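Grab a pencil and work through these exercises with the structure open beside you. Try each task before you read its solution.

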Amino acid sequence: SCKKNDSCPPWSFKSKEVTHDKIKKNIKYKHAVLNIYDVPVFYFPKFFHPDPTVERRSGILRPEQKHSKILGSSIYLPYFHVISDNKDLTFSSTLFNKDIYMFQNEYRQVNENSTLIANMGYIDGYKSSLEGSSKNSLSHIFAKYDSSINLNNFLTGGLNIFFEKTSNYTHLRVFDKYIKSLTSKSQKNLASGFTLNLDREEYDLSGGMTVYETLSGSSSDRYQYVFPYY
């Protein structure tokens with residue numbers, strides 16, 4: 001449905017027959033062909049997807065193909081699963097042509113007064129380019145919990161808990177663009193801890209504790225602790 005111009009995507013989807021199931025809210029195709037720059041690249045005898053009125057539904061998301069000088073070519077295959085009205089998760093696998101496999105699972109939950117996001121990943125078969133290195137496995141976890149709290153003596157209140165950890169300090173530098181996470185992350189450092197904010201008419205109170213992990217330098221000088229403050 002897009003006219004050819006500079007903002008038009010380079011792909012098109014053509015089918016001999018298209019039907020709209022208004023009850024199931026599906027758009028169905030028969031003998032469909034995916035074209036990229038007018039070149040047919042994939043044929044679907046039958047294919048369907050939700051119509052534009054559907055906001056959330058379990059199913060396969062758009063795959064991605066990437067290339068890295070270190071890791072080679074890869075294909076990213078995500079699957080989105082709706083658990084309930086306020087919970088869902090995305091399970092994804094990334095396959096590299098260097099016999100490296102990456103699996104991720106991101107869980108999301110939105111409550112009336114709080115939100116939770118947790119991303120866990122596992123990588124198998126990675127070998128560093130350093131001489132003498134062997135293949136090993138890597139893993140990571142990023143989690144963030146935000147909540148509003150109600151205390152009798154305060155007008156508003158907020159609690160934030162965050163946790164970031166990797167099994168290898170070079171993990172993020174090598175796989176940064178392959179990690180699909182909504183939580184904050186950095187190639188240079190990780191942060192774990194909590195913050196608390198309370199407001200009154202007369203004053204505001206804020207406090208917390210944070211542990212920073214630098215992903216470079218010697219292991220004995222990698223951590224910085226900001227103990228409970230207010």
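Here come six exercises on this predicted model, each with a worked solution.

**Exercise 1: The overall shape**

Task: Work out how many helices and strands the protein has, and decide whether the protein is spread out or compact beside the globule rule.

Solution:
- Start with the elements: you should find one helix and 14 strands.
- Next, take the radius of gyration, which is 23 Å. For 230 residues the globule rule gives 17 Å, and the protein's value is well over that, so the protein is more spread out than a compact globule.
- Then look at the box filled by the C-alpha atoms: along the principal axes it is roughly 65 × 55 × 35 Å.
- Finally, check the contacts with a separation of 6 or more: 41% of them are between residues 24 or more positions apart.

**Exercise 2: Surface and charge**

Task: Find what share of the residues is buried, what share of the accessible surface belongs to carbon and sulfur atoms, and how far apart the mean positions of the positive and negative charges are.

Solution:
- Of the 230 residues, 28% count as buried.
- The accessible surface adds up to about 15700 Å², and carbon and sulfur atoms own 56% of it.
- For the charges, there are 29 positive and 23 negative ones, and their mean positions lie 11 Å apart.

**Exercise 3: A salt bridge and its network**

Task: Which residue does arginine 56 pair with in a salt bridge, and what parts does the pair tie together?

Solution:
- Searching the whole structure turns up eight salt bridges.
- In one of them, arginine 56 pairs with aspartate 88, with 3.0 Å between the closest N and O atoms. Arginine 56 sits in the loop between E3 and E4, while aspartate 88 belongs to strand E7 (residues 87–96), so this pair ties together parts that are 32 residues apart in sequence.
- Now compare their surroundings: arginine 56 is partly exposed at 34% relative accessible area, whereas aspartate 88 is buried at 10%.
- Look for another pair: arginine 108 forms a salt bridge with glutamate 106, where the closest N and O atoms are 3.4 Å apart. Both of these residues are buried.
- Put the pieces together, and you get a network of salt bridges linking Arg56, Asp88, Glu106 and Arg108.

**Exercise 4: A bridge between two strands**

Task: Which strands hold lysine 165 and glutamate 213, and is each residue buried or partly exposed?

Solution:
- First, the side chains of lysine 165 and glutamate 213 meet in a salt bridge, at 3.5 Å from N to O.
- Lysine 165 is in strand E11 (residues 156–166) and glutamate 213 in strand E13 (residues 204–214), so the bridge ties together parts that are 48 residues apart in sequence.
- Lysine 165 has a relative accessible area of 33%, so call it partly exposed. Glutamate 213 has 8%, so call it buried.

**Exercise 5: A charge without a partner**

Task: Why does aspartate 51 have no salt bridge?

Solution:
- Locate it: aspartate 51 is in the loop between strand E3 (39–50) and strand E4 (59–60).
- Aspartate 51 is buried, and the nearest side chain of opposite charge, arginine 57, is 6.2 Å away.
- A salt bridge needs the nitrogen and oxygen within 4 Å, so the 6.2 Å to arginine 57 does not qualify.
- To see what aspartate 51 does touch, leave out residues up to four places away in sequence: you get His20, Lys25, Asn26 and Ile27.

**Exercise 6: Three residues to inspect**

Task: Which residues is phenylalanine 103 in contact with, and what is phi of histidine 31 and of aspartate 99?

Solution:
- Phenylalanine 103 is in strand E8 (residues 101–110) and is partly exposed at 33% relative accessibility.
- Setting aside neighbours within four places in sequence, phenylalanine 103 contacts Phe91, Ser92, Ser93, Met120, Gly121 and Tyr122.
- Histidine 31, in strand E2 (residues 26–36), has a phi near 55 degrees, a positive value in a residue other than glycine. Histidine 31 is partly exposed at 42%.
- Aspartate 99, in the loop between E7 and E8, is not a glycine either, yet has a positive phi of about 60 degrees. Its relative accessibility is 46%, so aspartate 99 counts as partly exposed.

Terms used. Residues numbered from 1 in each chain as written. Predicted model: local features only at pLDDT ≥ 70, side-chain atom pairs only at ≥ 80, totals over all residues. Heavy atoms only, no water. Helix = DSSP H or I, 4+ residues; strand = E, 2+ residues; numbered from the N terminus. Buried < 20%, exposed > 50% of the residue type's maximum accessible area, 1.4 Å probe, protein only. Lys, Arg positive; Asp, Glu negative; His and termini not counted. Contact = heavy atoms within 4.5 Å. Rg over C-alpha atoms; globule rule 2.2 N^0.38 Å. Areas by Shrake-Rupley, 256 points an atom, 1.4 Å probe, with all protein chains shown as cover. Charge placed at Lys NZ, Arg CZ, Asp CG, Glu CD.
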